[in-house]
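Me: Could you take a close look at one part of this protein for me, the second largest pocket, and then place it in the wider fold? I would like to know what kinds of residues make up the lining.

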Amino acid sequence: MCKGNYYITTPIYYPSANLHIGHAYCTVATDTMARYKRLQGYNVKFLTGTDEHGQKIEDKAKEAGITPQQFVDNIVLGEKGVLDLWKLMNISYDRFIRTTDDYHVAAIQKIFKRMYENGDIYKGKYTGKYCKPCESFWTESQLVDGKCPDCGREVQDAEEEAYFFRLSKYADRIQDLLENTDFLEPRSRVNEMVNNFIKPGLEDLCVSRTSFTWGVPVDFDEGHVVYVWIDALFNYMTALGFENDKYNDLSDFWPADVHFVGKEIVRFHSIIWPAMLMSLNLPLPKKVYGHGWLNFNGEKMSKSRGNVVDPYILSERFGVDALRFFLLRTFPFGSDGNFTNELLISTINTDLANTLGNLVSRTVAMNQKYFGSVLGEGGEAAALDGELKALAADVIANYEKQMERFQFSVALNEVFRLLDRANKYIDETTPWILAKSEDSKARLLTVMKNLCECIRIAAILLTPMIPDSSKAILDLLNVAEEKRDFSALCYCADENAVWTTTVGAPLFPRIDVEKELAALEELSKPAKPALEIEPYSEENVDFDTFCKSDFRAVKVKDCKNVKKSDKLLQFTLDDGTGTDRQILSGIAKYYKPEELIGKTLVAIVNLPPRKMMGRESCGMLLSAVHSVEGEEKLNLIMIDDAIPAGAKLC
């Protein structure tokens, strides 16, 4: 019997060419919850997709020499793209949305116009800071050390005609929603949103752009495109048929039961999203859950740090279910987690190979040895069996409680409490001794039935996390289909129970730790990045003009950061004249001042002085410029320290 409808979503992902296991973390968790609810008997709608508009997409497509649509198509549909990754990780989504889908684009235009017509969107001029990677607008006071508070990257000055959403109008209602309901979890996220964004003063939000074209056009004002976060957030409703005829199940599934999102986009989902829904008098989602980041060796994951976090490599070496299990078992959902290869292998060996895999292998092997793999009717119970049955009931209840709270790691603790007890039960009942006496055969029969029943229950509880492995376990026990979902979780190892088991290959072979770590270390060595150099100038410079440039060796006597600038370093240089020379150079991003003291550099010394941040700079230090994976790099030209200060370069 259907228990009702359940709607769960992941955020729609920016289509990155560098997919790693961190991208799959949220989606694996969402998939686990969707599978859990299906096993409970709910009609589940699980939505995921890709967020394909915005300036950074347009820029990257231009760099690649293709259209933005071709760029996103390649990443979403291409080999090892988003759809391939979800297939690899066994993601059981019910609907996939792309923000470039025609029905979604048309719906966003209607939504934008509705908010404009009700007075919540108005035209103005935006002046402020903009983070292109995050597609986020910031005020000066919100920056951290002059950089984006979300990603830590450089922001750029932005000034353009734009439409604004009256976000400030909803500040009090949003604060009440966050503080006095369970709309946003974990609770720590509420404090962040209220203290960092609402209490300092919630400003109206810029919701259109005119400086690029890759977005949903504002159909009543040519030249404007809709801000990507309006485009992205309303996907949760357009994918159900809101303002379009593509789908018609909005009334069945909205409001959403839960949005799972990474902590870096909680602000958009817990402040901007409900405010826009309030503007349109639409029901709010029941819950937004902001999980932590999956870090790699203490740092936020990045493909450039090595390919050991490549889900294709990890899945090939350890199996998809082992990888899914590790993500859910090891890191409390809601907090940051630190991924290491050592921890991954240790978790697989300890939990999957030893505790679960060994229990299954021992049980089916003993069934074969002592009963020819068929456990018929009959048996002899003992007090120990009642303890096992009571524990199983307690585990099931606690597991369901933790799953409803999205505490997957704690729910798995409960499953392994049952598995650990079953392994101990083997030691306590000593089947190998019972098998020696015909008088003990009835007791041995019950012992083996209890072990099979504990494994059956554990396999059902593990199905949302490791679906293929759980199915394989239930197949080894030849469990009937009607006894594989949550309606069949009651303990039923009685005298009338009959089991026919099958011996199979180990589900989770034990991993040779040292050998595997060495292999992963080799795989982790990053490929040498392709260097991108500036194109050669086509303009010729005559020799006499070149000779007018005075290149000199200079030695760094002192170097320090320039206050209120995150780009400039101030150099005090010995140029051989006996008088210190001061030069300012925009290379603070690439060097620490103390690294450069004592170095011998090259400077052009006959340039006219110029003021930078109110300080005089007399000359220019020479650097080499190149790009690595689209990011500009500067390297100061350093020469042999044996060359004296003031030596002329020619």
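Reply: Happy to! In this predicted model, the lining of the second largest pocket is made up of twelve nonpolar residues, seven polar ones and three charged ones. That covers the 22 residues that line the pocket. Those nearest its centre are Phe137, Thr139, Gln142, Glu203 and Asp204. Several elements give two or more residues to this lining: the strands β4 (121-131), β5 (136-138) and β8 (205-206), together with the helices α7 (187-198) and α11 (266-279). As for volume, the pocket holds about 400 Å³ of space.

Now for the wider setting. The protein chain has 650 residues, and 53% of them are buried. Its secondary structure amounts to 22 helices and 27 strands, and the C-alpha trace extends over about 110 × 70 × 40 Å along the principal axes. If you look at contacts with a separation of 6 or more, 74% of them join residues 24 or more positions apart.

One place to see such a long step in sequence is Pro255, in the loop between α10 (250-253) and β11 (258-262). Pro255 and Tyr7 are separated by 248 residues in sequence, yet their C-alpha atoms are 7.9 Å apart in space. Once neighbours within four places in sequence are set aside, the contacts of Pro255 are with Pro283, Leu284, Pro285 and Lys286. Is Pro255 buried or exposed? Neither label fits: its relative accessibility is 24%, so Pro255 counts as partly exposed, given that buried means under 20% and exposed means over 50%.

Helix packing is worth a look too. A packed pair of helices is described by the angle between the two axes and the distance between them. For α15 (residues 383-404) and α18 (residues 441-462), the axes come within 11 Å and cross at roughly 5°. Angles under 35 degrees count as roughly parallel, and therefore α15 and α18 are roughly parallel to each other. On the α15 side, the contact is made by Leu384, Asp385, Leu388, Ala392, Val395, Ile396 and Tyr399. The α18 side brings Arg443, Thr446, Asn450, Cys454, Ile457 and Leu461. Sorted by type, the residues of this contact come to nine nonpolar, two polar and two charged.

Key. Residues are numbered from 1 along each chain as its sequence is written. This is a predicted model: local features need pLDDT of at least 70, side-chain atom pairs count only at pLDDT 80 or more; totals for chains, interfaces and linings use all residues. Side-chain values use heavy atoms; hydrogens and water are left out. On a 1 Å grid over the protein atoms alone, a cavity is a set of points where a 1.4 Å probe fits but cannot get out, and a pocket is an open set with protein on both sides within 12 Å along at least five of seven lines; lining residues have an atom within 4 Å of a point. Grid points are joined across faces, edges and corners, and a volume is the space filled by probe spheres set on the points. Helices (H or I, at least four residues) and strands (E, at least two) are DSSP runs, numbered from the N terminus. Ala, Val, Leu, Ile, Met, Phe, Trp, Tyr, Cys and Pro count as nonpolar, Asp, Glu, Lys and Arg as charged, and the others, Gly among them, as polar. Axes are lines fitted to C-alpha atoms, for helices over the stretch in contact, and angles run from 0 to 180 degrees between N-to-C directions. Angles under 35 degrees count as roughly parallel, over 145 as roughly antiparallel, 65 to 115 as roughly perpendicular and the rest as oblique. Contact means heavy atoms within 4.5 Å. Buried means under 20% relative accessible area, exposed over 50%, partly exposed in between (1.4 Å probe, protein chains only).
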